[in-house]
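The following note sets out a few points for a reader who is new to protein structures. Please keep the sequence and the model in view while reading.

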Amino acid sequence: MLQSMTMQHGARTLESVPARETDPAVSSLIERSPTTVLDTEPLSAAVDRLLGGASTGVPVVDAGGHYRGMCTLRSVSSLGLLLNGETAALMPSLAFLRDDMERIRQRLEPSLLTPAVQASDPFVPALLPSTTLPEIFFQFYRGHPLLPIVDGESRRFIGVISCEQALRTALRHPAGGGR
């Protein structure tokens with residue numbers, strides 16, 4: 001069953017329609033101490049964590065531990081396509097497709113000073129601990145390889161579930177290779 005969506009601090013949250021207990025299989029997938037970035041930190045801090053091996057995304061949280069968004073490789077790399085105000089001029093002609101690495105760098109560098117929350121991917125839904133395994137795999141299918149988990153009442157960030165870990169668990173495939 002699909003769940004209804006609500007807005008909380010600018011990040012979408014899937015609400016469980018029927019109240020249900022957390023599936024032990026889901027609970028075992030939650031990484032409870034992932035690398036995060038504060039919403040007030042510059043985007044450069046999130047980029048450092050992403051490029052330092054923090055999977056495909058870095059959760060953005062506020063000082064109170066509430067989930068605010070997810071900085072993803074996709075959301076950060078998209079900043080290299082268009083400069084503020086260029087969207088209307090470049091999109092019809094697709095002129096940006098001729099850009100070289102230097103031009104992309106010129107677009108990315110000013111963004112590194114903006115707060116990380118402004119570069120977070122608005123399409124990554126926050127899930128509740130009571131979300132079912134099929135619902136989680138549906139979000140992986142939709143292109144979200146790292147899913148934030150939030151507390152249903154307080155909306156405090158709990159942790160993340162990664163597609164990689166879910167697949168390793170489902171296939172009983174240990175980290176580092178072999179079955």
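1. The model discussed here is predicted. A convenient place to begin is the salt bridge in which the side chains of D121 and R74 meet, with a distance of 2.9 Å from N to O. D121 belongs to the loop between helix 5 (101–111) and helix 6, while R74 belongs to helix 3 (residues 73–78), so this pair ties together parts that lie 47 residues apart in sequence.

2. The two partners may also be described by their accessibility. D121 has a relative accessibility of 6% and counts as buried, because buried means under 20% relative accessible area. R74 is partly exposed, its relative accessible area being 47%.

3. How many salt bridges does a search of the whole structure find? The search finds five. One of them joins R68 to D39, whose closest N and O atoms are 2.6 Å apart. R68 is placed in strand 5 (residues 67–72) and D39 in the loop between strand 3 (37–38) and helix 2 (43–51), so the pair ties together parts that are 29 residues apart in sequence.

4. The accessibility of this second pair should be noted as well. R68, with a relative accessible area of 24%, is partly exposed. D39, with a relative accessible area of 11%, is buried.

5. A further salt bridge is formed by R168 with E164, and here the closest N and O atoms are 3.1 Å apart. Where do these two residues lie? Both R168 and E164 are found in helix 7 (residues 163–170), at a spacing of four residues, which is about one turn of the helix. R168 is partly exposed, and its relative accessible area is 21%.

6. Helix 6 deserves separate attention. Within this helix, which spans residues 133–141, the buried residues include E135, I136, Q139 and F140. When helix 6 is seen down its axis, its buried residues fall within an arc of 150 degrees, so they line one face of the helix. P134 and Y141, on the other side of helix 6, are exposed.

7. A final point concerns the backbone that follows. Just after helix 6, G143 adopts a positive phi of about 100 degrees. The student is invited to locate G143 in the model, just after helix 6.

Definitions and conventions. Residues are numbered from 1 along each chain as its sequence is written. This is a predicted model: local features need pLDDT of at least 70, side-chain atom pairs count only at pLDDT 80 or more; totals for chains, interfaces and linings use all residues. Side-chain values use heavy atoms; hydrogens and water are left out. Buried means under 20% relative accessible area, exposed over 50%, partly exposed in between (1.4 Å probe, protein chains only). The arc is that of the directions from the helix axis to the C-beta atoms. A salt bridge is a side-chain nitrogen of Lys or Arg within 4 Å of a carboxyl oxygen of Asp or Glu.
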